[in-house]
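Work through these exercises with the model open beside you. Try each task before you read its solution.

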Amino acid sequence: METAMEYGSIERELHIDASPEVVFEVLSSPEHIREWWSADTAFEPTAGATARLTWTDADTGRQQSTPFTVVEADPPRMFSFRWTYDETESETETAGPGNSLLVTFELVPTDKGTTVHFRESGYRERGWEAAVLEAHYNDHRQGWDFYLPRMVATADRLAAAR
């Protein structure tokens, strides 16, 4: 018997052999975001800061860009942001529930590093029709499954270099 997916949120728990301070830096620094997420951006990691995330296809030069708003920056405990809101909305509306997705990284110190509780939510709140919701959810799930291990590797490398 098949069960329908909920498409409510994407959640992952990761262990990183680095301190929460290092992990927070990797998550919130444009220099490190470029390394693990392959996105160019410029922002200060403070609540309310806005920027754009821009990915460039190395083969074609084609760019894809999306607005980005920092929701919470509480070093070294929490970093969260909203993204994937419509261009027309970003000019007139603040990113919030119903018009964007919320990404949260909660950092918990452990004896040997940091446990990261990752969550991206807000899919159902967007009001997308079922096929669009499923497509966005699956695209992001695959994306995070690719990029989160790169974030772990970046934090591990940064910690080892210090």
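**Exercise 1. Find how exposed Glu-25 is, then follow its salt bridge to the other end.**

Step 1. Glu-25 has a relative accessibility of 26%, so Glu-25 counts as partly exposed. The classes are: buried under 20% relative accessible area, exposed over 50%, partly exposed in between, with a 1.4 Å probe and protein chains only.

Step 2. Look for the partner. The side chain of Glu-25 meets that of Arg-162 in a salt bridge, at 2.8 Å from N to O. A salt bridge here is a side-chain nitrogen of Lys or Arg within 4 Å of a carboxyl oxygen of Asp or Glu.

Step 3. Place both ends. Glu-25 sits in helix 1 (residues 20-28) and Arg-162 in the segment after helix 4 (130-161), so the bridge ties together parts 137 residues apart in sequence. Helices (H or I, at least four residues) and strands (E, at least two) are DSSP runs, numbered from the N terminus.

Step 4. Check the far end. Arg-162 is exposed, at 61% relative accessible area.

Before going on, note the ground rules. The model is predicted: local features need pLDDT of at least 70, side-chain atom pairs count only at pLDDT 80 or more, and totals for chains, interfaces and linings use all residues. Residues are numbered from 1 along each chain as its sequence is written, and side-chain values use heavy atoms, leaving out hydrogens and water.

**Exercise 2. Say how many salt bridges the whole structure has, and examine two more of them.**

Step 1. The search of the whole structure finds 7 salt bridges.

Step 2. Take Asp-40 and Arg-34. Their side chains meet in a salt bridge at 2.8 Å, N to O. Asp-40 is partly exposed at 37%. Arg-34 is partly exposed at 38%.

Step 3. Take Arg-77 and Glu-72. Their closest N and O atoms are 3.1 Å apart, in a salt bridge. Arg-77 has 37% relative accessibility and is partly exposed. Glu-72 is partly exposed too, at 28%.

Step 4. Extend the picture. Glu-72, Asp-74 and Arg-77 form one network, joined by salt bridges that share partners.

**Exercise 3. List the buried residues of helix 2 and explain how they are arranged.**

Step 1. Helix 2 covers residues 30-37, and its buried residues are Pro-30, His-32, Ile-33, Trp-36 and Trp-37.

Step 2. Look down the axis. The buried residues fall within an arc of 155 degrees, so they line one face of helix 2. The arc is that of the directions from the helix axis to the C-beta atoms.

Step 3. See what that face packs against. The buried residues of helix 2 pack against helix 1, strand 2 (50-56), strand 4 (78-83), strand 5 (101-110) and helix 4. Contact means heavy atoms within 4.5 Å.

Step 4. Step past the end. Ser-38 follows helix 2, and its phi is positive, near 60 degrees.

**Exercise 4. Describe the surroundings of Thr-115, starting from its strand.**

Step 1. Thr-115 lies in strand 6 (residues 113-121). In strand 6, 7 of the 9 residues are buried. Thr-115 is buried at 15% relative accessibility.

Step 2. Find the paired strands. Strand 1 (residues 9-16) pairs with strand 6 in the antiparallel sense over 8 bridges. Strand 5 pairs with strand 6, also antiparallel, over 9 bridges. Two strands pair if DSSP finds at least two bridges between them.

Step 3. Match residues across. Arg-12 stands opposite Phe-118 in strand 6. Val-108 stands opposite Thr-115. A hairpin joins strand 5 to strand 6 through 2 residues.

Step 4. Collect contacts. Not counting residues up to four places away in sequence, Thr-115 touches Glu-13, Leu-14, His-15, Glu-106, Leu-107, Val-108 and Thr-110.

**Exercise 5. Summarise the fold and its confidence.**

Step 1. The protein has 4 helices and 6 strands. From the N terminus, the order is β-α-α-β-β-β-α-β-β-α.

Step 2. Judge the confidence. The mean pLDDT is 91, and 91% of the residues score at least 70. pLDDT is the predictor's confidence in each residue, from 0 to 100. Confidence is lowest in helix 3 (residues 87-92), with a mean of 54, and highest in helix 1, at 98.

Step 3. Finish with burial. Of the 162 residues in the protein, 46% are buried.
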